[in-house]
Structure formats: structure tokens, C-alpha cells
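I am keeping these notes while I look through one structure. Each entry says what I looked up and what I found.

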Amino acid sequence: MKQEKNVPCTLSDGTILRSDVYRPDDGERYPVLMLRLPYDKETPRYYDEYLEVPRMVQAGYVVILQDVRGRFASEGEFYPFIYEGRDGYEAVEWAAKLPYSNGKVGLFGMSYHGYTQLAAAVENPPSLKAIAPVMTGADLMGNFLGKEGMPQATANLETWVLGSMLEDELKRKGNFDEEKFNYYLENMAEWLSYAPSNEWRPIKDLDPDSYYFDFIKGKLSPELTESTNLTKKLKNIDIPALFIGGWFDALLTSTLETYQTYKGPRMLWVGPWTHEEMTGRCGDKFFNNGAENIGVDNIKDPTEIHIMWFDHWLKDKPMPMKKPVYLYLMGKACWEAFDEWPMKQGVKPREVFLQSNGLSQTRHGDGKLSLQPLPTETRSSLKLDPNNPVPTRGGGVLIAGHESGTFDVSDIQDRDDVLVYTSTELDKDLSLLGSIKANIWVSAPTNLFDISLRLSDVDESGRAYNIVDTFHRESVENVNQPFYLEIEIGSTSYTLKKGHRLRLDIAASNAPLYDINLNNGTTTKTHKEGKAAVEYIYQGGEKASKLILPLVNE
């Protein structure tokens, strides 16, 4: 393998992007696989952890890792997302014309560098023959900005800017104070609780002109945010795309939505993976056959999936993966191939109702999940104290001090500001496959209502391991009047074993991941002073709150 460092790619505006090139050292021409990233192409993770570059070269590819505009060795000024389409087009066409390239280019990468692929594909460069977006989405800027009136994952944005982006930006500006920066970086988990987020002290102190404040204050123009939202544009391209997601990845919903929107040839894999690792370890659980011998054909690992994908589209080899969808079935420790996602065959919805006489606080309360609703209406009080919010635990998170995956959350379900509803012991295995929904009747004491919903698997010892969760905010017109919400909790493929119990817990906060409702019409995104208040969840009668579960037909 021949290596070349910082090979220049000159864009039409004169900006030079620099790339590390790895290729067979035999004088022949090969297809190119390119990764365009903002996280430093020299980082070992991008060479031999996420995918193994030497194996891709050995399989007959030129592999190029390129710093995007304004990052590390590349020239220009970085601003998230806005340059990646046009720069991606030019980078693809540059790669296609290299003397060791045969003119065919594929793009790969995860997260931000999954987005760089989609942005380039939308521009439709003629040499781009296939892409492989992993754990990403078509509107990552929208994810950071949050939708108007909806909760904002402020801790995700804070962690990303301080933890992944800021050091290089400060060094480029010539005002990097290493001691001050390391103080904030090393204590970042504690700083995530600082309010208000739009005056977040670490960034305000280190880089007061950071785009962080554009994002947190929503200062970006509608034209700019619209230009970086690729969702509608994906319907017009036919470049083959391999989508890969993780059941405990923070961007799973975005990955699935992008896959469903995409109209070109496509394939979907979802494994027992988090954003941080694809080893099969997700928090406190390890899922066998999650890292090696994956899929129904026992493919070696994710690198091998990529090689097979690109071999087909860039080298005209037969496609060994015959189905379009491959899902890891948690609880069964196996993979299964499907013809579609979401499932229309083999899965049926099952309604499960929340039952309580109003004492469903904590897992020791009277909250139950039942196939029948209570005949009479009841309500349970749900406290939200902004000074003592319910803590973030597991799931798909990307924040400092918190791991993604599945953990025992039963201690959180002991809190008196958490409502808990538990089924009886299962008399047989219960397999969920698809999107879990909730139809919930609620009332709010102020004009903002927040609700956190989490499904968990309770084992024989009483430990409750999270399966899937969501957080929802609603603007309220009629304070203290009941209203109805339809909420998608999220997608999963999970089997609860016989003897286990299914549990739903409900809270009014999930901190520090989301900004906290201060019960005065504001949140910790813009303010810091709040007061405790009580909202209500209704059960039974005309206001029978329920879950809708995607049950596999056995």
C-alpha cells in the first residue's frame, strides 16, 4: 500500500482541501472511496476502527480521507453543513481525475461525514456511483437547531462544539488558551447543567463569536436552513445508497427517515450499535453477533459490508446481499433479512392501556399496563421541579459524561416525579419490530408541556433496561384542560423473554440532554429561574391513554 499525505485538491474558488491517499502500489487504476470529515483525517479511528482502510485498499480501492473546508489541514473558513454540497461535488470530480483513479467514486462515512455524502449526492456529480451514509440524516442542522416550539437537545450541541470542533477553530484563529480550554473540556459534563444555554459560559468565554450562538439562538436565515435540509432533494437522485444505523444511536430516527425518503437503489442495516462503537456492546448489555459474522450470511464485519456494496456498484460484481433490509433482533441474538422497512407484513399493532387509580408515581405505585382500559377516568399527578430534573440515562445520547445504550433505570423509576406502568409477567416471549407509538391524554399548568416516555424490559430480578425513549414538547392553548397527544416513541427490534415484564415510565424532564421547562413559559435554553409545578396524565374512561406496540406475528 502506498500512502500520500496532504494531497491538495484545489476548488473552483481557489480554496485548497487536503487529503491523505492510500492506494495499491502497483501503477494500476482503481475506483476511489472517499471520506470527507471535519474531525481530522489523521485520527486513527478513521483509518482502522470505524472501517479498516488497509482492507479496503487490499480489496482494490484508492481510499481518500479529506479534511473538509476550514478544518485541520484544509484551507477556508468552516461553517457547519453549508459548504458540503458544492465542495463535495468538486472533491468527487477531482478524485475521479487522479492518475490512479479509474473515474468511479464512492463516498463513505458516518455522522457528519454521512451528511457530507448526502449533500454531495444531491449535487449529482457524474463520477459518483454509490454512497454509504452511516448513522446520519438529511437535516443535521435542523437536528441541532430544533424545531420551533420543540425541545432542543442543547447538550448535544454543547458537547459537539466544545468536544469536537472548538480546539481546531481556536488554533486557526490564533487565540487557543490551552489551560483554559482544557479546564472546560475536562469539566464539560458538569457544565452541561449550566443555564441559560444561549449564554453557555464555556463557549462564551473561549469563542464568543462561535456559530454555536447562531444555532442556539436560531439566528440562521430560513434560506440557509432550507438549503442544508436535503430531505426533499433526496427524492430526485438515483445514486445507490447503503444506510446503516444502530438501535441505540442518537441519529437512528434521522437515519430511518432518510432511508424511507430516499428514492434511489438503497439498502438498510440496523445493528446493536451506538454512535460510539459497533462492537455489540450497548451500555451494560453485550449483543452476540453484533460485531463479527453479521447479517444472515455471516458477513465478517461492517468493513466487509462496505466492500461488498461498493464492489457491486463500482466494479459490477454480483451483489451477495439479496434482501434490501437487515436487522439485528435484540433478545434473539440473531439477524434477519426483510423485504421492507417499515414492515407491512408480519407485524400487527397491539393496544396496551395505562391503568392507575392516580397513584402511579414510582415503580412501587399502582400503575399497570393492560390489554383493557379502565372503565372510569382517573389521573396521576406528574411533578416537574426544574431544580431537580429527572436525569438522562442511556438510550441514544451524544453528550459528555453519558454513555449510549441500555442500562438499569429502575432507580430512576423510584423517583416520585416519574410515573411508572408495568405489565404482568409475560407468559411467552414478546417480540417488537417497528415503531412504538403512544396516545396520551394530558393537561398542563402552563403554556408549555413536556413529556418524556421510555419503554423498558424488566427482568426476573426487577432490573429495568431501557429499550426506546423519546422527549416531546407541546405548546398549550388551554391551561389545565385535558388534551390528546399522538407521540412516536421510536423504532426497535426487541424480544422480551417469557417471565419478564414490559414497563413504561413517564417524566416531565430529561436533563441535561434537553432544555428544562421552567414552568413559566420559558426553558433553560433562554432562562434559568423556574418553579415546581404539576401536570397530569389521564387513564381510563374517555381519556384512556395507551401504547401501540408493533407485535411480530408468531
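Which residue in β5 is the bridge partner of Val32? I found that Val105 is the partner of Val32 in β5. The model I am reading is predicted.

**Entry 1: the strands around that pair**

I looked up the two strands next. Strand β3 covers residues 30-37 and strand β5 covers residues 101-110, and 4 bridges pair them in the parallel sense. I noted the general rule that strands of a sheet pair through backbone hydrogen bonds, either parallel or antiparallel.

**Entry 2: the whole sheet**

I then traced the sheet from end to end. It is an open sheet of 10 strands, in the order β1-β2-β4-β3-β5-β6-β7-β8-β11-β12, with mixed pairing. I marked β1 (2-10) and β12 (334-338) as the edge strands, since each pairs on one side only. From one strand to the next, the twist averages 20°.

**Entry 3: strand β8**

Is β8 enclosed or open? I counted 8 buried residues among the 9 of strand β8 (residues 266-274), so the strand is largely enclosed by the rest of the structure. On the way from β7 to β8 the chain passes through helix α12 (residues 252-261), and I recorded this β-α-β crossover as right-handed.

I checked the partners of β8 as well. Strand β7 (residues 241-248) runs parallel to β8 and is joined to it by 7 bridges. In this pairing Gly245 stands opposite Val270 of β8. Strand β11 (residues 325-329) is also parallel to β8, with 3 bridges between them. Here I found Trp269 opposite Tyr326 in β11.

**Entry 4: a helix on the sheet**

I looked up what helix α13 (residues 302-315) lies across. The strands are β3, β5, β6 (128-134), β7 and β8, and α13 runs at about 160° to β6.

**Entry 5: cysteines**

How many disulfides does the structure hold? I found 0. For Cys334 I looked up the closest cysteine sulfur, which is in Cys282; the distance is 15 Å, so the two are too far apart for a bond. Cys334 has 29% relative accessibility and therefore counts as partly exposed. Cys9 has 1% relative accessibility, so I listed Cys9 as buried.

**Entry 6: Gly405**

Where does Gly405 lie? I located it in the loop between β15 (378-384) and β16 (419-422). The relative accessible area of Gly405 is 0%, so I entered this glycine as buried. Leaving out residues up to four places away in sequence, Gly405 touches Phe248, Thr274, Cys282, Gly283, Gly394, Gly395 and Asn466. I also looked up Glu554, which is 149 residues from Gly405 along the chain; their C-alpha atoms are separated by 27 Å.

**Entry 7: Ser435**

My last residue was Ser435, in strand β17 (residues 430-443). Its relative accessibility is 18%; the cut-off for buried is under 20%, so Ser435 counts as buried. Which side chains make polar contacts with the side chain of Ser435? I found Glu488 at 2.7 Å and Lys437 at 3.5 Å. Setting aside neighbours within four places in sequence, I listed the contacts of Ser435 as Glu488, Gly490, Ser491, Ile548 and Pro550.

Note on methods: Residues are numbered from 1 along each chain as its sequence is written. This is a predicted model: local features need pLDDT of at least 70, side-chain atom pairs count only at pLDDT 80 or more; totals for chains, interfaces and linings use all residues. Side-chain values use heavy atoms; hydrogens and water are left out. Buried means under 20% relative accessible area, exposed over 50%, partly exposed in between (1.4 Å probe, protein chains only). Helices (H or I, at least four residues) and strands (E, at least two) are DSSP runs, numbered from the N terminus. Two strands pair if DSSP finds at least two bridges between them. A crossover is right-handed if, with the strands pointing away from the viewer, the path from the first strand over the helix to the second runs clockwise. A polar contact is a pair of N or O atoms within 3.5 Å; within protein, one must be able to donate a hydrogen and the other to accept it, and residues adjacent in sequence count only if both atoms are side-chain atoms. Contact means heavy atoms within 4.5 Å. Axes are lines fitted to C-alpha atoms, for helices over the stretch in contact, and angles run from 0 to 180 degrees between N-to-C directions. A disulfide is a pair of cysteine sulfur atoms within 2.5 Å.
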